[in-house]
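Q: Please take me on a close look at one loop glycine and then follow the chain to the places that help me picture its surroundings. I am new to this, so explain the terms as you go.

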Amino acid sequence: MPIENTLSIIKPDATKRNITGLINAKIEKAGLKIVAQKRIMLSKELAEKFYSVHKDRPFFNDLVNFMISGPVIVQVLRGENAVSLNRSIMGATNPTDAEEGTIRSEFAQSVEANSVHGSDSLENALKEISFFFAEIDILI
Ligand code: CMP
């Protein structure tokens with residue numbers, strides 16, 4: 001199976017509730033390695049740019065305002081099939097649809113405050129990782 005890197009974001013609802021360690025434990029238990037990680041405050045401009053694919057969606061402004069409402073942890077996860085593995089341990093976007101045992105089923109509060117973001121394809125993972133990290137930041 002291919003070794004991949006994927007981008008993960010632990011969102012403000014989780015940093016505010018001090019549950020980032022619980023989320024990281026689930027990531028590591030699934031066999032993914034956190035090879036880069038930083039706690040940052042997104043600016044409005046950066047959040048708008050990161051989520052620009054959703055700019056025409058009705059929830060765009062609320063999404064951006066939520067993502068700048070507190071610190072986030074951006075991280076690079078590495079492992080076999082990291083993109084799809086991380087999506088499966090995250091669970092569905094809406095926590096009411098998320099499978100039992102997933103991060104969103106256990107921790108998310110709503111479709112907006114859904115605790116984590118994860119790249120949805122290898123192509124987007126490469127783009128999203130380079131949005132936040134330089135090669136030199138990623139330590140395998
Ligand atoms: P994420 O994986 O970060 O990608 C886009 C985000 O938009 C998504 O998670 C949700 O948190 C957020 N969002 C807010 N409202 C909606 C909605 N109605 N449908 C889908 N995503 C939404």
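A: G70 sits in the loop between α4 (60–67) and β3. Those labels come from DSSP runs, numbered from the N terminus: helices are H or I runs of at least four residues, and strands are E runs of at least two. What you see is a predicted model, where local features need pLDDT of at least 70 and side-chain atom pairs count only at pLDDT 80 or more, while totals for chains, interfaces and linings use all residues. Residues are numbered from 1 along each chain as its sequence is written, and side-chain values use heavy atoms, with hydrogens and water left out.

Is G70 buried or exposed? G70 is buried, because its relative accessible area is 3%. (Buried means under 20%, exposed over 50% and partly exposed in between, with a 1.4 Å probe and protein chains only.) Leaving aside neighbours within four places in sequence, G70 is in contact with P12, K16 and M41, where contact means heavy atoms within 4.5 Å. Another link runs back along the chain: G70 and A14 are 56 residues apart, yet their C-alpha atoms are separated by 9.5 Å.

Next, look at two other buried residues that touch each other. T6 belongs to strand β1 (residues 3–10), and N86 belongs to helix α5. T6 counts as buried because its relative accessibility is 0%, and N86 counts as buried because its value is 2%. Beyond four places in sequence, the partners of T6 include N86, Q75, V76, L77 and I129. From its own side, N86 is in contact with T6, L7, S8, L32, L77 and G118, again beyond four places. L77 therefore appears on both lists, and N86 is still buried at 2%.

Now move to the loop between β3 (72–80) and α5 (82–90), where you will find N81. N81 counts as partly exposed, because its relative accessibility is 22%. The phi angle of N81 is near 50 degrees, a positive value in a residue other than glycine. In general, most residues other than glycine have a negative phi. N18 also has a positive phi, near 60 degrees. N18 is placed in the loop between α1 (12–16) and α2 (20–29), and N18 is exposed because its relative accessible area is 68%.

N81 also leads you to the start of the chain. M1, in the segment before β1, is in contact with E80 and N81, not counting neighbours within four places. M1 counts as exposed because its relative accessibility is 71%. Its C-alpha atom is 9.3 Å from that of G79, although 78 residues separate M1 and G79 in sequence.

Finally, turn to the ligand. Among the residues around it are K11, Y51, R104, V111, N114 and H117; a residue belongs here if one of its heavy atoms lies within 4 Å of the molecule. A polar side-chain atom of K11 lies 2.7 Å from an oxygen atom of the ligand, and a side-chain N or O atom of N114 is 3.2 Å from a ligand oxygen. V111 uses its backbone instead, with an N or O atom 2.7 Å from a ligand oxygen. The protein covers 78% of the 460 Å² of accessible area that the ligand has on its own, an area found by the Shrake-Rupley method with a 1.4 Å probe.

Key:
A polar contact is a pair of N or O atoms within 3.5 Å; within protein, one must be able to donate a hydrogen and the other to accept it, and residues adjacent in sequence count only if both atoms are side-chain atoms.
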